[in-house]
Amino acid sequence: MSDAASPAYPTRWKRPPQMVTSRFWRHALTIGALVYLVLAIGTVEVNWQRVMVGLERGQRFVAGFLQPDFTSRWRDISTGLIESLTMTLTSTVVGVLISVPIGIGAARNIAPAWLYMICRGIIAVSRALQEIIIAIFFVALFGFGAFAGFLTLSFATIGFIAKLLAEDIEDIDEAQAEAIRATGASWVQVINYGIQPQVMPRLIGLSLYRLDINFRESAVIGIVGAGGIGATLNTSLSRYEYDSAGAILIIIIAIVMLSEYSSGYLRRWVQ
Amino acid sequence: MLSVEKLTKVYRTGDKALTDVSFEVPKGQVVGLIGPSGAGKSTLIRCVNRLVEPTEGTVRLNDLDVTRLRSGELRRARRRIGMIFQEYALVERLTVMENVLSGRLGYVPFWRSFTRRFPGEDIAKAFRLLDRVGLSAHADKRADALSGGQRQRVGIARALEQDPELLLIDEPTASLDPKTSRQIMRLIVEICRERGLPAIINIHDVVLAQQFADRIIGLQAGRVVFDGGPAMLTEEALTRIYGEEDWTAMQQSAAEDEAAEAEERAEAKKMMRAL
């Protein structure tokens, strides 16, 4: 009961500082950070003349975007689009197929140490290199076109799916796998019965998510010569055909949104 | 028959979980393993099928030295040892039938288990066991759709599907209510009697252990401090295992629980007769 008989308790309470307990250092750090921010902004040189010219070009671009032209370059757009979609689907399927064994090998709780090191190494290499750099490399190796794009996206998918799958396997309920092991099951049977059912919904979800990442990436790597809708976009931009470029961007946005909604729906369904 | 000799387990952290544990379990005997949390009960039963590697000592199952086996032989030995777990440890997203059939994994090649094409006699046995534990209507449900007591029955069926020569049972009633606990314990003991199966039941409920086990082994800090019939488990022995506590009051309230349950059963029988 909170009546007049117990007046001794305070009515105000503040959360004690968690990271820096000294009042002096707390203020010093805040002020230091602000001063650094101001100085850093001061060093950025802005050429206002070029900004003005750029703004003008930007205006034309926005105008093109508002009046997209789907028809005059439709043949190029549809070829690029089909190439991109093919690249996306094939690279996701191949990438996921390769990632599953690598992901299993990279899970500390089921793989022996030597295999763990190898698989983590593969993942690290795949994640260290950004898609564009890999695309430039593959274009140099195999020439312009969708094949270089397919290889790039497959390679990038391995790093993504294998890492997240491995982490998911490390987070499983060990008791279920232990129970399967206790029946005398072999290593592959433990994976098939004790682990796969626990990680499958997430693997499907990640694959769908990667599918729409790969589509977006296919538009980017096209700019460096790896084929697909990105190549078409690059061509129309360098020809100053902003209305066609606007049309391409709208198509990309529409497809990404569509895959976003459908993958969300599918992921709920597989739970 | 199971014989454990001078079993010692030291974890890599330096914690000594078991020290010189020795005992024998003859065919058909149900042993209740009691002791406070951290006494090494879980470690002990996991050393028997080597889910935990013992540091020293031997475990013999019908003259097979389990502690010396290499991985392939160990898998064949594990098929002969059924295990039932605390929190059931069913594979939640698999069906009840798949969970029961997983007891045959050590006997079938990978392609059969992967395609779920188990031999006919294994499937028949699984149905018979599900019927025995009273779940034949639930074979196609997912394991996570069942209640706690039902899940533990699936766990029992999975262990029996192995045709085991020994049952290791880790806290079978830890997540169940008192009434379901007694039902599960009764089922386990009945099945052990039917098949002449020896069992080690790791259990922290002293009263349940006394009521259902043929023999009690008390562990305290990794050592056996009591080994005898349930009637020999005096207040003095309990204090040796757990330390000071009001044992009489605890046993009284458990006895009341049981009396109430017996009354309820008699009542139900009367109703059945009336119908």
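Me: What pattern does chain A follow, read along the sequence?
Reply: Chain A goes α-α-α-α-α-α-α-α-α-α, which comes to ten helices and zero strands. Helices (H or I, at least four residues) and strands (E, at least two) are DSSP runs, numbered from the N terminus. Bear in mind that this is a predicted model: local features need pLDDT of at least 70, side-chain atom pairs count only at pLDDT 80 or more, and totals for chains, interfaces and linings use all residues. Residues are numbered from 1 along each chain as its sequence is written, and chains are lettered from A and ligands numbered from 1 in the order in which they are written.

Me: Why is chain A more spread out than a compact globule?
Reply: Its radius of gyration is 27 Å, well over the 18 Å that the globule rule gives for 271 residues, so chain A is more spread out than a compact globule. That radius is taken over C-alpha atoms, and the rule is 2.2 Å times the number of residues to the power 0.38. Along its principal axes, the C-alpha trace of chain A spans about 80 × 60 × 40 Å.

Me: OK, on to where the chains meet. How many residues does the contact take from each chain?
Reply: It takes 18 residues from chain A and 22 residues from chain B. Two residues are in contact if their C-beta atoms, placed from the backbone, lie within 7 Å.

Me: Which element gives the most on the chain B side?
Reply: That's α2(B), with four residues. The elements giving two or more residues there are α2 (71–79) and α4 (110–114) of chain B.

Me: And domains, how is chain B divided?
Reply: Into domain 1 (2–244) and domain 2 (245–275), with bounds from an automatic or database domain assignment. Taken over C-alpha atoms, the centres of these two domains of chain B are 27 Å apart. Nine residues of domain 1 of chain B are in contact with seven residues of domain 2 of chain B. On the domain 1 side, α7 (178–195) and α9 (235–242) of chain B are the elements that give two or more residues.

Me: What's the strand order in the six-stranded sheet?
Reply: The order is β6-β7-β8-β3-β9-β10 (chain B), an open sheet with mixed pairing. Two strands pair if DSSP finds at least two bridges between them. The edge strands, β6 (81–84) and β10 (223–228) of chain B, each pair on one side only.

Me: How many bridges join β9 to β10(B)?
Reply: Five bridges join β9 (residues 215–220) of chain B to β10(B), and the two run antiparallel. Ile216(B) has Gly228(B) as its bridge partner in β10(B).
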